[in-house]
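The questions below go through a structure step by step, with each answer building on contacts and geometry. Please keep the model open while reading.

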Amino acid sequence: MAKPPVNPLPSKSGSGMSYFKALSLMAREYLKADGITLNFQGYTETIIDYANMQENDIHTAWRLTKELNAWSEYFASISNLIQKFYLDAETDKIEIQATASIKADAVKVANGERLSNKDSHVIQARKKRNCLKAFYDELESKIKFLERGYYHCKATCDWANKPIYNNNQSPQAS
């Protein structure tokens with residue numbers, strides 16, 4: 001089976017980097033200013049274990065159901081927090097742009113708006129909003145992936161345990 005690249009982006013260390021890691025590093029700078037730290041230690045190992053899980057490895061599948069579920073909950077908490085900061089950044093961007101527009105041309109709204117697009121504060125506010133939005137969307141995608149992985153592992157456990165009930169015994173006969 002062909003697997004997608006794990007670390008497709010170049011990194012300073014030369015080992016490569018995932019798209020998720022790149023976005024988290026970009027967002028980290030903005031979040032750090034608000035006192036928020038991100039910790040994804042162990043996530044990559046869980047995903048590698050999931051990618052390498054064999055269909056008959058019930059012990060790994062069972063362990064991964066718990067890990068994937070825990071990561072899903074963690075990502076959901078972070079996602080909600082990031083969404084709040086993203087929405088606040090959108091509000092800040094609108095305020096900064098309005099102020100810059102008035103400073104640029106208080107009489108002609110269209111001219112003031114056009115000129116405000118070159119204002120460095122407006123550009124920075126947009127970059128922050130864009131980064132937080134992209135990171136939020138990535139977290140939402142990760143949550144969906146983790147939920148699908150959880151159900152895949154659960155189905156693997158169910159499938160592996162199914163022969164126990166099909167050996168000419170009904171569960172009620174025990």
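Q: In this predicted model, which residues of H3 are met by residues in H2?
A: On the H2 side, the contact is formed by Tyr43, Thr46, Ile47, Asp49 and Tyr50. By class, the residues of this contact between H2 and H3 divide into 7 nonpolar, 1 polar and 3 charged. The partners in H3 are Arg63, Leu64, Glu67, Leu68, Trp71 and Phe75.

Q: How are H2 and H3 oriented to each other?
A: The axes of H2, residues 43–52, and H3, residues 58–104, come within 11 Å and cross at roughly 135°. An angle counts as roughly antiparallel over 145 degrees and as roughly perpendicular from 65 to 115, and H2 passes H3 in a left-handed crossing. H2 and H3 are therefore oblique to each other.

Q: What classes of residue make up the contact of H3 with H4?
A: The axes of H3 and H4, the latter spanning residues 109–116, come within 7 Å and cross at roughly 120°, and the crossing is right-handed. H3 contributes Gln97, Ala100, Ser101 and Ala104, while H4 contributes Val109, Gly112, Glu113, Leu115 and Ser116. Sorted by class, the contact of H3 with H4 has 4 nonpolar, 4 polar and 1 charged residues.

Q: Which helix gives the largest share of the largest nonpolar core?
A: This core has 29 residues, and those that touch the most other members are Leu31, Phe40, Phe75 and Phe135. Two or more residues each come from H1 (19–33), H2, H3 and H5 (120–165). The largest share, 10 residues, comes from H3.

Q: Which residues does leucine 31 touch, not counting residues up to four places away in sequence?
A: Leu31 is one of the core residues that touch the most other members, so a list of its contacts is a useful check on the general expectation that follows. In soluble globular proteins, nonpolar side chains tend to be buried together. With residues up to four places away in sequence not counted, the contacts of leucine 31 are Ile36, Leu38, Ile82, Phe85, Leu132 and Phe135.

Q: Is serine 24 buried or exposed?
A: Serine 24 lies in helix H1, and leaving aside its neighbours within four places in sequence, serine 24 is in contact with Leu38, Phe40 and Phe135. The relative accessibility of serine 24 is 4%, and the cut-off for a buried residue is under 20%. Serine 24 therefore counts as buried.

Conventions
Residues numbered from 1 in each chain as written. Predicted model: local features only at pLDDT ≥ 70, side-chain atom pairs only at ≥ 80, totals over all residues. Heavy atoms only, no water. Axes fitted to C-alpha atoms, helices over the stretch in contact; angles between N-to-C directions. Helix = DSSP H or I, 4+ residues; strand = E, 2+ residues; numbered from the N terminus. Parallel < 35°, antiparallel > 145°, perpendicular 65-115°, else oblique. Left-handed = near helix turned anticlockwise from the far one by under 90°. Contact = heavy atoms within 4.5 Å. Nonpolar A, V, L, I, M, F, W, Y, C, P; charged D, E, K, R; others polar. Core = buried A, V, L, I, M, F, W, Y, C linked by side-chain atoms within 4.5 Å. Buried < 20%, exposed > 50% of the residue type's maximum accessible area, 1.4 Å probe, protein only.
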